[in-house]
Amino acid sequence: MSVTGLPPYDPANVFARILRGEIPCRKVHEDEWALAFHDINPLTPTHVLVIPKGEWVSAADFHAGAGTEAIAGFWRAVGAVAKAQGLEEGGYRLLANMGPDAGQEVPHFHVHLFGGRRLGAMVPRG
Ligand code: AMP
C-alpha cells in the first residue's frame, strides 16, 4: 500500500506510458524533474497536468519519499508552467486529487493547473 491507501505504483498507468513516450501528449514543458502537458479533457481554457518523472502514486507518496531536489524541481516546474501559460496576472488554481474520496483516476502523482477564466467555488458544497 502507498501512503494514501492506494495500491503500489503501477508502471502501466497512462502517465507512466506518456513519460516513456509510448503514448503521445500535448507537451508544454519538460525538464529533469517534471513533464507538463494539456489535459485530454480540459475543464477550463487552460488545463495543464504537471507530473514528476519519478514513480509516485500520490502527493503524499511523493512528498514522503522523493528527495528534496526532486520536490523542489517539481514545484519550480509547476510555477514555470503557470508563468509560461500566461496565468500569473489573472491567477490560477492548483489541484491534486489523492485517493478514492478525491476521485483520483490516474495513479501517478499529478497537479492540475487550471486557469483562463474565473474559476468559481473551490469545491462543490456537500
Ligand atoms: P485525476 O482524476 O486527478 O486522476 O485526473 C486525471 C486526469 O488525467 C483527468 O483530468 C483526465 O482527463 C486526464 N487524462 C487521462 N488520460 C490522459 C491522457 N492520455 N492525456 C492527457 N490527460 C489525460
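The side chains of E30 and K53 form a salt bridge, with N and O 2.8 Å apart; the term stands for a side-chain nitrogen of Lys or Arg within 4 Å of a carboxyl oxygen of Asp or Glu. E30 belongs to strand β1 (residues 27–30) and K53 to the loop between β3 (46–52) and α2 (59–65), so the pair ties together parts that are 23 residues apart in sequence. Helices (H or I, at least four residues) and strands (E, at least two) are DSSP runs, numbered from the N terminus.

The model is predicted: local features need pLDDT of at least 70, side-chain atom pairs count only at pLDDT 80 or more, and totals for chains, interfaces and linings use all residues. Residues are numbered from 1 along each chain as its sequence is written, and side-chain values use heavy atoms, with hydrogens and water left out.

**Salt bridges**

Side chains of opposite charge can pair when their charged atoms come close. The structure holds 4 salt bridges, among them the three listed here.

| Pair | N to O distance |
|---|---|
| R17 and E22 | 3.4 Å |
| R20 and E22 | 2.7 Å |
| E30 and K53 | 2.8 Å |

E30 is partly exposed at 41% relative accessibility, and K53 is partly exposed at 33%. Shared partners join the salt bridges of R17, R20 and E22 into one network. In that network R17 has a relative accessibility of 33%, R20 has 43% and E22 has 44%; each value counts as partly exposed, the class between buried (under 20% relative accessible area) and exposed (over 50%), with a 1.4 Å probe and protein chains only.

**The largest pocket**

The largest pocket encloses about 730 Å³ of space. A pocket is found on a 1 Å grid over the protein atoms alone, as an open set of points where a 1.4 Å probe fits, with protein on both sides within 12 Å along at least five of seven lines; lining residues have an atom within 4 Å of a point. Its volume is the space filled by probe spheres set on the points, which are joined across faces, edges and corners.

The lining comprises 32 residues, and D39, N41, H47, L49 and H112 lie nearest the centre of the pocket. By class there are 18 nonpolar, 9 polar and 5 charged residues. Here Ala, Val, Leu, Ile, Met, Phe, Trp, Tyr, Cys and Pro count as nonpolar, Asp, Glu, Lys and Arg as charged, and the others, Gly among them, as polar. At least two lining residues come from each of α1 (14–19), β2 (34–38), β3, β4 (92–95) and β5 (111–115). The largest share, 3 residues, comes from α1.

**The ligand and Q104**

There are 16 residues around the ligand, and D39, N97, E105, H110 and H112 come nearest; a residue is counted if one of its heavy atoms lies within 4 Å of the molecule. An N or O atom in the side chain of N97 is 2.8 Å from a ligand oxygen. Polar backbone atoms also approach ligand oxygen atoms, at 2.7 Å for E105 and at 3.0 Å for V106. A polar contact is a pair of N or O atoms within 3.5 Å; within protein, one must be able to donate a hydrogen and the other to accept it, and residues adjacent in sequence count only if both atoms are side-chain atoms.

Q104 sits in the loop between β4 and β5 and is buried, with a relative accessible area of 13%. The side chain of Q104 reaches the backbone oxygen of V57 at 2.9 Å and the backbone oxygen of V106 at 2.9 Å.
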